[in-house]
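Hi,

Here is the structure I promised to pass on. Have a look first, then read on for what turned up in it.

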Amino acid sequence: MSENSYHTIIVGGGIAGLTSAAYLSREGQKVLLVEKNKECGGLVNTFVRDGFHFDAGIRALEDAGIILPMLKELNIPLEIVKSPVSVGVENEILHIENLDSLIKYRDLLTKLYPESEVEIHEIIKIIRKIMKDMDVLYGIENPVFKDLKRDRIFLFKKLLPWLPKFIFTVGRINRMNMPVEDYLEKILKNPSLRDIISQHFFKNTPTFFALSYFSLYLDYFYPKGGTGKLSEALKNKIIECGGEIKTETKIIDVKADERLVKDEKNATYKYDNLIWAADLKTFYKIAEIEGLLPEIQTKFEKSKSKMLNNRGGDSVYTLFLEVDEPLESFKKIANGHFFYTPSKLGLGETHWDELNNLLSNWDKVEREQILAWLDKFTRLNTYEISIPGLKDPELVPGGKSGLIISFLAEYDLFKKIQMSGWYDEFNSELESRILSVISDSVYPMLKDKIITSFSFTPLSIENRVGSSEGAITGWSFQNPVPVINKIQISDRSVLTPIPSIFQAGQWAYSPAGVPMSILTGKLAANKVLKREAT
Ligand SMILES: Cc1cc2nc3c(=O)[nH]c(=O)nc-3n(C[C@H](O)[C@H](O)[C@H](O)COP(=O)(O)OP(=O)(O)OC[C@H]3O[C@@H](n4cnc5c(N)ncnc54)[C@H](O)[C@@H]3O)c2cc1C
């Protein structure tokens, strides 16, 4: 093959692209992974500032029967620790330890909302059933990461007995596809209680996915050194297997007929197969399809219009804190991964209706109105708080702690604020409100101990990983998703209308996240290998 020609080019060095590249280079393919940033990992990334390690994206990993089998199959060693979760509302904090913690969660909710005791029992019963389904779903290593021809014990002793249970469970999952808000409304009368259970999920999250979170809390683990170690380990595997990685290289053009991609400096790279593991709207905007068969062009245009008419799901706002307070002070209160809601009132209409109202009347709205909304939003929201040092003490300078505090955030709000010219001011208002809410409630010792604070908004995410609307798990659930969303046909999620081009990552399948990005990365690699073999 000539210098700039490859069996497979992978665009996007996030966890999906890294997975595809690792598998294909292991198979001896000539592989090029192209990443626009200086470092790979995308939303699975850890950075260091002043000796504090912070996870820029996901705070801890869920195996989901995918990550650990993938590491095992690729023979990648990764030192990991459990990442226990705490859940808290006002002064009630629960450390989730095992399945019995669900009873304690029930008691916590009943203490906060005694008038809803019967309904709480009902919802806990449903969560318990879902946990049983999750045990089936993730009960064995995902077969996509097993060599079924060689591993006959897995095939006969695990996979075949599991399949009927899986099919039955998938049927139940598909029946619980309705938005979690609607589902909870049928069971729980108290709107505050509904919010407390569901407000840290994306709008219209499918019920099964949202209510399965109690299982996922028990599944979280953390790589020593930070979540970014997973990306680093995959990157090293690619290099070890002879794959090529080009960072600081952004692909701006795909000429499908000529099978080449072009970067910002006008360099071109030829491929037999392309895996697009980055933002899908970008792909559909830049791909040129002249010269392809007319039926492929028609299919492509149809897909393009579906994709471009849709939008990414919620994004995230994150506040990073370097704190002059030892880890022990925080350890006494909660685990290093903590979902905390300072008020049992719940967001109510604050998040959606009131915000949408502000956004649709933007030109008439005063700054004071937006700040008043912000005030309420920060007081009533649920925060995901991660303290990397509680999972691995090496991640902070001695006697100090690093905190990562985040919540789901609407991209359009930050975009409009930026266009109105008060982005920096808004950001510092937001930072100081979060700090006062958290230090007036769960972590009072934060008050005078902040060394430095800085934040990432949905616009920072869009800018860093090129993700439409700053989305972190692909498509919004508010419209029908334009990609495959059924686990039993996930195999097809990596196909595009163009036979030599595959897709992987957060945009390829819904609902997405790290395990599904890895799964689609592997599925895309499998399709490439199958195509090469025929
Ligand atoms: C705060 C936070 C919390 C999260 N929590 C969870 C969680 O609890 N559970 C869970 O499962 N998931 C979670 N996620 C989501 C998860 O991290 C992502 O869905 C997943 O990492 C996406 O991986 P990806 O490879 O598909 O995409 P990305 O990570 O977005 O990677 C895409 C890569 O492509 C590169 N790129 C883009 N355009 C180009 C181009 N034109 N040329 C070259 N390179 C390009 C980008 O720079 C990026 O590196 C969270 C994310 C965040 C930010």
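**The open sheet**

Let's start with an open sheet of 7 strands, ordered 8-7-16-17-18-15-19 and with mixed pairing. Its edges are strand 8 (92-96) and strand 19 (450-456); each has a single partner strand, so one side of each has no neighbour in the sheet. On average, neighbouring strands here are turned by 20° against each other, if you ignore direction. Before you go further, keep in mind that this is a predicted model.

Within the sheet, strand 17 (residues 383-386) pairs with strand 18 (residues 401-409) in the antiparallel sense, over 3 bridges. If you want a residue pair to click on, Ser386 has Ile404 in strand 18 as its bridge partner. There is also a helix packed on this sheet: helix 3 (residues 101-112) touches strand 7 (85-89) and strand 8. The direction of helix 3 makes about 170° with that of strand 8.

**Nonpolar cores**

As a general point, nonpolar side chains tend to be buried together in soluble globular proteins. In this model the largest nonpolar core has 53 residues, and Ile385, Leu403, Ile438 and Tyr443 are the ones with the most contacts inside it. Helix 18 (residues 423-440) gives the most to this core, with 7 residues.

What does Ile438 touch, leaving aside its neighbours within four places in sequence? The list is Tyr340, Tyr383, Ile385, Ile405, Tyr443 and Leu446. So you can colour another group as well: a second, separate core has 51 residues, among them Val87, Ile126, Tyr183 and Leu395.

**Helix 1 against helix 20**

Next, a helix pair. Helix 1 (residues 15-26) packs with helix 20 (residues 514-533) at an angle of about 35°, and their axes are 8 Å apart. The crossing of helix 1 past helix 20 is right-handed. On the helix 1 side, the contact is made by Ile15, Ala16, Thr19, Ser20, Tyr23 and Leu24. Helix 20 meets them with Val514, Ser517, Ile518, Gly521, Lys522, Ala524, Ala525, Val528 and Leu529. By type, the residues of this contact divide into 10 nonpolar, 4 polar and 1 charged.

**Two buried residues**

Val170 sits in helix 5 (residues 152-175). Is Val170 buried or exposed? Its relative accessibility is 6%, so Val170 counts as buried. Apart from neighbours within four places in sequence, Val170 is in contact with Ile487 and Gln488. For a sense of distance from the helix pair above, Val170 and Tyr23 are 28 Å apart in space, C-alpha to C-alpha, and 147 residues apart in sequence.

The other one is Ser5, found in strand 1 (residues 5-11). Ser5 counts as buried because its relative accessibility is 15%, and the cut-off for buried is under 20%. Again leaving aside neighbours within four places in sequence, Ser5 is in contact with Lys30 and Lys270.

**A hairpin**

Last item: strand 3 (residues 46-49) and strand 4 (residues 52-55) run antiparallel and are joined by 4 bridges. One bridge partner pair is Val48 with His53 in strand 4. The two strands form a hairpin with 2 residues between them. If you check backbone torsions, look at Asp50 in the turn, which has a positive phi of about 50°.

Over to you!

Conventions: Residues are numbered from 1 along each chain as its sequence is written. This is a predicted model: local features need pLDDT of at least 70, side-chain atom pairs count only at pLDDT 80 or more; totals for chains, interfaces and linings use all residues. Side-chain values use heavy atoms; hydrogens and water are left out. Axes are lines fitted to C-alpha atoms, for helices over the stretch in contact, and angles run from 0 to 180 degrees between N-to-C directions. A crossing is left-handed if the near helix is turned anticlockwise from the far one by less than a right angle, and right-handed if clockwise. Contact means heavy atoms within 4.5 Å. Ala, Val, Leu, Ile, Met, Phe, Trp, Tyr, Cys and Pro count as nonpolar, Asp, Glu, Lys and Arg as charged, and the others, Gly among them, as polar. A nonpolar core is a set of buried Ala, Val, Leu, Ile, Met, Phe, Trp, Tyr and Cys residues joined through side-chain atoms within 4.5 Å. Buried means under 20% relative accessible area, exposed over 50%, partly exposed in between (1.4 Å probe, protein chains only). Two strands pair if DSSP finds at least two bridges between them.
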